[in-house]
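Student: Hi! I've just opened this one and don't know my way around yet. Could you walk me through it?

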Amino acid sequence: MRFVILDLEATCWQGNAMDRRTEIIELAAFRINGYGEWMDQFQSFIRPVDHPRLSAYCTELTTITQEQVNKAKTFPQVFQDFQDWFEQEDSSQLLCTWGAVDIDIIKAECHRHRYDASFLPIVIDLKAQYARFNRLPKEVGLQKALEYNEIEFEGTPHRAIDDAYNTGLLFLRFLDRWQY
């Protein structure tokens, strides 16, 4: 069994988004085997097409620059690269995300771009499971969960590559407790 810890960043606006649809601007994942060993990773920026100009709020929050997304491929191209990376593994795989939002955004982007995402396996919502097995009154964010477990966040918050890595650290802490 392999676990793919996935995170993404999307366009965002402070306050009123004026009914703008978010678009993924960074997609990252780490593959971990059933023994808890890091295997490989995927990371790519994505060029938004509906609202190609990042808001100042989005750039400040994510540290992703306009230049980085301007140079990037569009969602269908990057998602094909991700699919190729994902499918190079022969073993069965589960997708793990911190919350359900990321997979919802991926499915919406796939639908919008008419991209067949049927290759995606079952998704484990680590955020919901973490709250459940720790008997928390509500779900908590990744940084709070890391603090509760005395794991120092490595990298830059709200960068998909770093959030996926830190989610992987927390995933490994509870490797035998996740339900799938």
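Tutor: Happy to! One bit of vocabulary before we look: Ala, Val, Leu, Ile, Met, Phe, Trp, Tyr, Cys and Pro count as nonpolar, Asp, Glu, Lys and Arg as charged, and the others, Gly among them, as polar. Also keep in mind that this is a predicted model.

Student: Got it. So how do the residues lining the largest pocket divide into nonpolar, polar and charged?

Tutor: The lining has 10 nonpolar residues, six polar and five charged.

Student: And how much space lies in the largest pocket?

Tutor: About 490 Å³. The lining comprises 21 residues, and the closest to the pocket's centre are Asp7, Glu9, Asp102, His158 and Asp163.

Student: Which elements give two or more residues to the lining?

Tutor: Those are S1, helix H1 (56-62), helix H4 (101-112), H6 and H7. The biggest share comes from S1, with four residues.

Student: Let's look at H7, then. Does its length add up, I mean, what span should it have, and how far apart are its ends?

Tutor: Helix H7 covers residues 160-173, which is 14 residues, and at 1.5 Å a residue it should span 20 Å. Its end C-alpha atoms are 20 Å apart, so the two agree.

Student: Is H7 largely enclosed or open?

Tutor: Largely enclosed by the rest of the structure, because 11 of its 14 residues are buried. Among them are Ile161, Asp163, Leu169, Leu170 and Phe171.

Student: What do those buried residues pack against?

Tutor: Four strands and two helices: S1 (2-10), S2 (24-33), S3 (38-45) and S4 (93-97), plus H5 (126-133) and H6 (142-148).

Student: New topic. You listed His158 at the pocket; where does histidine 158 lie?

Tutor: In the loop between H6 and H7. Histidine 158 is partly exposed, at 36% relative accessible area. Its phi is near 65°, a positive value in a residue other than glycine.

Student: Why point out the sign?

Tutor: Most residues other than glycine have a negative phi.

Student: What about arginine 135, what is its phi?

Tutor: Positive as well, about 55°, and again the residue is not a glycine. Arginine 135 sits in the loop between H5 and H6, and is exposed, with a relative accessible area of 74%.

Student: Now the inside. How many residues are in the largest nonpolar core?

Tutor: There are 24, and Leu27, Phe79, Phe82, Ile106 and Leu120 have the most contacts inside that core. S1, S2, helix H3 (75-87) and H4 each give two or more residues, with H3 giving the most, six.

Student: Which residues does isoleucine 106 touch?

Tutor: Leaving out residues up to four places away in sequence, isoleucine 106 touches Leu6, Leu8, Ile24, Leu27, Phe75, Phe79 and Leu120. There is also a second, separate core of 22 residues, including Ile124, Leu146, Ile151 and Phe153.

Student: Last one: is threonine 11 buried or exposed?

Tutor: Threonine 11 counts as buried, at 4% relative accessibility, because the cut-off for buried is under 20%. Threonine 11 lies in the loop between S1 and S2.

Student: What does threonine 11 touch?

Tutor: Not counting residues up to four places away in sequence, its contacts include Arg21, Thr22, Pro48, His51 and Cys58. Also, the C-alpha atoms of threonine 11 and isoleucine 24 are separated by 6.4 Å, with the two lying 13 residues apart along the chain.

Technical notes:
Residues are numbered from 1 along each chain as its sequence is written. This is a predicted model: local features need pLDDT of at least 70, side-chain atom pairs count only at pLDDT 80 or more; totals for chains, interfaces and linings use all residues. Side-chain values use heavy atoms; hydrogens and water are left out. The expected span of a helix is 1.5 Å times one less than its number of residues. Buried means under 20% relative accessible area, exposed over 50%, partly exposed in between (1.4 Å probe, protein chains only). Contact means heavy atoms within 4.5 Å. On a 1 Å grid over the protein atoms alone, a cavity is a set of points where a 1.4 Å probe fits but cannot get out, and a pocket is an open set with protein on both sides within 12 Å along at least five of seven lines; lining residues have an atom within 4 Å of a point. Grid points are joined across faces, edges and corners, and a volume is the space filled by probe spheres set on the points. A nonpolar core is a set of buried Ala, Val, Leu, Ile, Met, Phe, Trp, Tyr and Cys residues joined through side-chain atoms within 4.5 Å.
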